[in-house]
Every structure is written in C-alpha cells, then in structure tokens.
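Here are some short exercises to work through with the model open beside you. Try each task before reading its solution.

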Amino acid sequence: MTTIQIEQTTQPKQKPAVEQLGFGKHFTDHMCIVDYTEGQGWHDARIIPYQPLTLDPSAMVFHYGQTVFEGMKAYKTAAGDITLFRPERNFARLNASNARLCIPAMDEALALQALKELVKLDESWIPTAENTSLYIRPFIIATEPYLGVSPSKNYQFIIIMSPVGSYYAEGINPVKILVEKQYVRAVAGGTGEAKTGGNYASSLKAQELASQQGYAQTLWLDGRENEYIEEVGSMNIFFKINGTVITPALNGSILPGITRDSMIQVLQHKGIPVEERRISITEIIEAHQNGTLEESFGTGTAAVISPIGELKFGDHQYVINNGQIGEVSQLLYDTLTGIQYGKIDDPFGWRVIV
Ligand SMILES: *Cc1c(COP(=O)(O)O)cnc(C)c1O
C-alpha cells in the first residue's frame, strides 16, 4: 500500500437537497491527485480539498486532447455499506485507454486504494434516496507545457466525485433515437474503444442536430460502410429479436462498456439467448417490418438501461414495443441495480465493499 497524504477541508460545503442533485452538477469536499513525471513515474498521491487546478496555458491537454477518463459509481446499501461495482474493470479500462493515447500506465492497485480512501472520507456525500448514488470521475490530463506534437512528459491522475439523483425520477421512459447517416462517432483504427474526450467532442454536432429534431440521442453507424450498428449516444446498444438478445461485437471502434459486459453475463446466467455479432441497420429495419424486433435499449453506468421506444431512419419512424419498456430490459435493470444496491444476491462477485 502506498501512503496517500490527506489534507482535510476546513470549510465543508453545504450538501444539495436530493431534488437538486441532477447529474454532475455538485462536487464533494475532496479530490485525489497523483502526479506523473518522466523518469520518476507516478508519485505524490494525495487527497486535498476540492479546488481549481493551476495549469500552464501551454499544458498539452488543452491543445491536442491527450486525456482519458472513467465513469463509475459508489452506492449506499440499506445495511449502510458503501459498495463499488466492478471497480477493477474501470481501472483496467483506464489503462487500455492510456495505451491508445500514449499515456503511461497507472498503477491500478494505487488507483483503487486512492478511490476507496476518497470515498470513505466523503462518505457523507453518498446520497441515500432510492436510486441515487455518488458518481466517480477518474481522469488523466497531459500537463507538460509544450506545443510540440508528441506524448507529454508529465501528467496528473485526478478523481472527483459528484452526488447524482435518480436517472429515472419519473419512471423509466423509453426515448426516441435518430439513426445518424452523415456523422460518425468513431472509425476502425481510431480512438473509439478508448474513453477519451475527443470522441465526445466529435459527437456533439450530430447530438445537437438530433435534439433539434426532438430526438434524445444519436444511433451511430460504423464509419466505413455506414451500415453496421455501433452505439447509441454514449451507451452500448442491445436489440431483442425473436427471443435472442443481440449486441454489436467489440470491433475496435466500440467502447467496451462494463454495463454491456455485465448485461451479457446476466443474460447467460438467466438462460436468455445472447449474441455478440455484427448487426446492420438493414437487419433491424427488416426485423421491425416482420414483427420480430421486440426490444432495444442502451446500457451505461449513468442510466444502467435506457430503453429505446422509437428509431427514426431516413424518413421512416419505427416504434418498438409500443414505446414501452420491454420485459427483458426491465429484468436486466432490476437485476443490475439490485446487485449494485445490495438488494439481491451477487452470484458474480461484482460488489466491492469499501
Ligand atoms: C463509458 C461509455 C460507455 C458505457 O460504459 P460503461 O462502462 O457501461 O459505463 C459506452 N459508450 C461510450 C462511448 C462510453 O464512453
């Protein structure tokens, strides 16, 4: 175990009321920072009061986007335990993203240790109302002051945390999705499978156009043939066709979601047929036309499941399951949140008690 210096705040902040939580608007009293210096490695792990960063305006992250992030949650169970959900997977994925962005690997054990200490220190910030949680955002930025294009020599690993409200305060309502034909999120050989800000920056335009037309998210097709389904918004996507649940196989441009992986394992455990394979928009439209497209949903840490009630492709609208949440979608939502909040058994060993 590394020694992590802790400097406690002398001015704890007022906590927001549960109705005011929203997503990512409020931040806890403390943050964690670990520095990286070439030749020295990661050093000076510390927890300090939440505060602005001071960075040189030439810090490389501002210019060339050398940065990666993670998203995970801490939950308070009815028994009063603090739990994390598969946190080691997040730090393994952080390092996969690091490798793609030429950022030196983070010590995964140190990251988890720092996270646990931070969560314990700010435990009183974990909201306890139904389906609320503490959202955790670890990230790494390139800090070397240099305008040359090359990997930075210095970095900071930072963890900030935000109490978040229930994603579905008004119940789980399926959303309308626009199939995007012009813009793409990622391409084979690009950075689609890394969790990096640039993928988000390049997705904003299509998202803006979709919301102007009254659609909640963009359904992304592949960047080569504009035919194969990749993701929905910043979530992985699933379809249930004729009793089988299908999700696009990881192909290098799809982000390997931990919720996605968990859903696949839950489906297998429950004996529901599940396939990871290439799936085209043509196949989805055909399944809709012959009445076998039964359900569709996105998966990710923030919402767990976001059912899709309608797809718009070209001039046509395709309503799925009468715009209602499907049976399997509801089962998966209940199972995953049940495990996360300690309401049901965890046969997979996914819960980590802090
Ligand atoms: C983070 C992310 C996901 C979901 O990953 P989870 O680990 O399930 O939260 C899916 N797609 C994109 C593009 C993402 O950035």
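A pocket here is an open set of grid points, computed over the protein atoms alone, with protein on both sides within 12 Å along at least five of seven lines. Keep in mind that the model is predicted.

**Exercise 1.** Find out which pocket the ligand occupies, and which residues are closest to the ligand.

*Solution.* Start with the space itself: the ligand takes up the largest pocket. Next, look at the neighbours: 14 residues surround the ligand, and the closest are Lys-195, Tyr-200, Glu-231, Thr-259 and Thr-301. Sort this shell by character, and you get four nonpolar, six polar and four charged residues. Finally, turn to secondary structure: strand S12 (235-241) and helix H6 (258-269) each supply at least two residues of the shell.

**Exercise 2.** Work out which polar atoms of Arg-93, Ile-258 and Thr-301 approach ligand oxygen atoms.

*Solution.* Take Thr-301 to begin with: an N or O atom in its side chain is 2.6 Å from a ligand oxygen. For Arg-93, a polar side-chain atom lies 2.8 Å from an oxygen atom of the ligand. With Ile-258, a polar backbone atom is 2.8 Å from a ligand oxygen. As for burial, the ligand taken alone exposes 380 Å², and the protein buries 95% of that.

**Exercise 3.** Which parts of the chain does the salt bridge between Lys-176 and Glu-310 link?

*Solution.* Check the pair with the 4 Å cut-off: the N to O distance is 3.9 Å, and the side chains meet in a salt bridge. Then place the partners: Lys-176 is in strand S9 (residues 175-179) and Glu-310 in strand S16 (residues 304-313). These are distant parts of the chain, with the two residues 134 residues apart. The total count comes to 13 salt bridges.

Note on methods:
Residues are numbered from 1 along each chain as its sequence is written. This is a predicted model: local features need pLDDT of at least 70, side-chain atom pairs count only at pLDDT 80 or more; totals for chains, interfaces and linings use all residues. Side-chain values use heavy atoms; hydrogens and water are left out. A residue is near a molecule or strand if one of its heavy atoms lies within 4 Å of it. A polar contact is a pair of N or O atoms within 3.5 Å; within protein, one must be able to donate a hydrogen and the other to accept it, and residues adjacent in sequence count only if both atoms are side-chain atoms. Accessible areas come from the Shrake-Rupley method with a 1.4 Å probe; for residues, only the protein chains shown count as cover. On a 1 Å grid over the protein atoms alone, a cavity is a set of points where a 1.4 Å probe fits but cannot get out, and a pocket is an open set with protein on both sides within 12 Å along at least five of seven lines; lining residues have an atom within 4 Å of a point. A molecule sits in a cavity or pocket if more than half of its atoms lie within 2 Å of its grid points. Helices (H or I, at least four residues) and strands (E, at least two) are DSSP runs, numbered from the N terminus. Ala, Val, Leu, Ile, Met, Phe, Trp, Tyr, Cys and Pro count as nonpolar, Asp, Glu, Lys and Arg as charged, and the others, Gly among them, as polar.
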